[in-house]
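Welcome, and please open your viewer. We will move from stop to stop, selecting a few residues each time and looking at what is there.

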Amino acid sequence: MTVSSAVARLIAEYQRFSSITMNELFAKDSNRAEQYNIEFENLIYDYSKNKFDEDVLRALFALAEEHHLKERIEDMFIGKKINVTENRAVLHTALRNFSNDSIYVDNKDIMPEIRKVRAKMKEFSSAVRNGIFRGYTGKKLVNIVNICIGGSDLGPYMVTSALKKYWAPDMKCYFISNIDGTACAEVLNEINPEETLFIVASKTFTTIETLTNARTCREWLVKALGEQAVAKHFVALSTNAKAVAEFGIDTKNMFEFWDFVGGRYSLWSAIGLSIALMVGYENFEDLLKGAAAMDQHFRTAPLDKNIPVIMALIGIWYNDYENIHRYAVIPYDQYLKFFPSYLQQLDMESNGKSVRLDNKKITDYATGPALFGGAGTDVQHSFFQLLHQGTEAVPVDFIIPANSHNEIGQHHQILLANVLAQAEALMRGKTTDEVAAELRAAGKDELTIEQLKLNKSFAGNRPSNMFVIDKLTPYNLGMLIAMYEHKVYVQGVIWEIDSFDQWGVELGKQMALKILPEITDGNIAQHDGSTTRLIRKIREMRGLK
């Protein structure tokens, strides 16, 4: 196998560095925490508790330069068609561009259209929140139901949950994405049709999950209020005006988005209408502006001071040289409990690829790692046992606001103490000698000490990043989301893959369309033996002959 000079250098660095521990690095360099720490606006990024030294970092930056990373970053911002398999530009960054600069796709400046949709979102969300746009019977629309799938669901769902402190006090928000009828039924059981606005998000207005759920909600509304109510209780996020009109939605209440914005990057677009409705357009715009600030940092900061670049390169180091193919994201903030779920799609749908940009299979390195996570401190009592004492290390991103929206007693101080302690414990560990000394001090006999000291010891040397924001605001949330977007893109550049397509989700959907009529009518086509038998058994359990 032929390797590049940067890869050969990193292999050599791994062989040199593999036996060095982070405790040794901190003992050797009293300035390590200051050196490997970046402060950007309201964000602190401490990456000192990671398994590298300056020589490893230099080799990682050489790898980035070998892949012309600075040029590839610029390619995205100026609208080059970096989504090569779909021949599309990738311009979610344009959605949060508040400069006067033009951005071109196919020789057309896209910014006037983006500003027009923003203005329409502002006008409509304000009209609903202020009771100007009302339901069919004249009641204020206080229940917002977002009907969508994939990124059109995960992004707005995560953001509205994260910004719940900013919700209009008289409004509630619901999300229906799963084709499971329970998802529809549980929402419809909670809301009043006279006070409900449905948002149907489907670019083509043909997505089977979304349209099935939308039709069920439409039938429910019509049964309660009549056919004429549809135009007052449904809006569309789509480009298919004909299908939208046939559904009964007034096309004046149709909000456009574009094919240069993928689903997992779409919350910044009209897909974010539910966000603007719940938190107000001004706060939605602050979300965009926070992301725009991170965009500028990513685009202009040198590689060795660039937060998303450093995050990405450290991740490459673990994935491809330490052979650690998973990582955890743990926000110590209840409002961010859905942030890891959102990042799962962002990361694993983007970089879960095995074909390079040159149309060759990847055989000699790994791409996207598996991501999992949850809200601290809950997950300390869930999977932290594995993080501390499992057989393999799992890098962790910790996220914590210094100040809470709900400063009750000592709650937030305890939360802060826990996140700092977990990061320190993962790195420092506890030796068997330390455990033995503690047990002796507690009066334990030598036999008990011998039985327990290994079980109660911690290997340590387990890496983590720490992200501290001053408070969870729309602006700061925008920065965090954009930071991870750019990290994912950098890793895609290094792995030479297209981070913006998602062909891997297609096969199962195509096969489901073939199986659907077989479940209904029993005319089963040729499948593997397991699938054929399961279809028959399921039909029997459903009382079908």
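The stops below go through strands, rings, charges and the surface.

**Before you start.** This is a predicted model, in which local features need pLDDT of at least 70 and side-chain atom pairs count only at pLDDT 80 or more, while totals for chains, interfaces and linings use all residues. Residues are numbered from 1 along each chain as its sequence is written, and side-chain values use heavy atoms, with hydrogens and water left out.

**Stop 1: a hairpin.** Select residues 37-40, strand E1, together with residues 43-46, strand E2. Helices (H or I, at least four residues) and strands (E, at least two) are DSSP runs, numbered from the N terminus. Two strands pair if DSSP finds at least two bridges between them; E1 and E2 do so in the antiparallel sense, over four bridges. Look for Phe40, which stands opposite Leu43 in E2. The hairpin has two residues between its strands, and Glu41 takes a positive phi near 50° there.

Now add residues 464-469, strand E13. Four bridges join E13 to E2, and the two run antiparallel. Which residue of E13 is the bridge partner of Tyr45? Phe467 is that partner.

**Stop 2: a cluster of rings.** Keep Tyr45 and Phe467 selected, and add Tyr36, Tyr47, Phe52, Phe339, Tyr342 and Tyr484: ring pairs link these residues into a cluster. Rings of Phe, Tyr and Trp (its six-membered ring) pair if their centres lie within 6.5 Å; planes under 30 degrees apart count as stacked, over 60 as edge-to-face and the rest as tilted. By this rule the count comes to 26 aromatic pairs. Zoom in on Tyr45 and Tyr47, a stacked pair with 5.1 Å centre to centre and 25° between the planes. Tyr47 also stacks with Phe52, at 5.9 Å centre to centre and again 25° between the planes. Are these rings buried or exposed? Tyr45 and Tyr47 are buried, and Phe52 is buried too. Here buried means under 20% relative accessible area, exposed over 50%, and partly exposed in between (1.4 Å probe, protein chains only).

Next, select Arg32. A charge sits over a ring if NZ of Lys or CZ of Arg is within 6 Å of the ring centre and within 35 degrees of the ring normal. The charged end of Arg32 sits over the ring of Phe52, 4.7 Å from its centre. Arg32 also lies over the face of Phe26, at 5.6 Å from the ring centre.

**Stop 3: an open sheet.** In which order do the five strands of the open sheet lie? The order is E6-E5-E7-E8-E9, with parallel pairing. At the edges are strand E6 (172-176) and strand E9 (254-255), each pairing on one side only. Select residues 234-237, strand E8, and find the two bridges that join E8 to E9. Leu237 has Phe255 in E9 as its bridge partner.

**Stop 4: salt bridges.** A salt bridge is a side-chain nitrogen of Lys or Arg within 4 Å of a carboxyl oxygen of Asp or Glu, and the structure holds 27 of them.

- Select Glu485 and Arg96, whose side chains meet at 2.8 Å, N to O. Glu485 lies in helix H20 (residues 474-495) and Arg96 in the loop between helix H5 (69-77) and strand E3 (104-105), so the pair ties together parts that are 389 residues apart in sequence. Both are buried.
- Select Arg218 and Glu227, with their closest N and O atoms 2.3 Å apart. Arg218 is buried, at a relative accessible area of 17%, whereas Glu227 is partly exposed, at 44%.
- Select Lys242 and Glu246, with their closest N and O atoms 2.7 Å apart. The two lie in helix H11 (residues 241-247), four residues apart, about one turn of the helix. Both are exposed.
- Select Glu13, Arg16 and Asp53, which salt bridges with shared partners join into one network.

**Stop 5: a buried arginine.** Find Arg462 in the loop between helix H19 (446-452) and E13. Arg462 is buried, with a relative accessible area of 7%. Add Ala393: the two are 69 residues apart in sequence and 5.8 Å apart in space, C-alpha to C-alpha.

**Last stop: the surface.** Select Leu513, in helix H21 (residues 506-521). Leu513 is exposed, with a relative accessible area of 53%. Together with Ile208 and Leu516, Leu513 forms a nonpolar patch of about 280 Å² of accessible area. Patches are made of residues with over 30% relative accessible area and no salt bridge: like charges are joined within 9 Å, nonpolar side chains (Val, Leu, Ile, Met, Phe, Trp, Tyr) within 5 Å. Accessible areas come from the Shrake-Rupley method with a 1.4 Å probe; for residues, only the protein chains shown count as cover.
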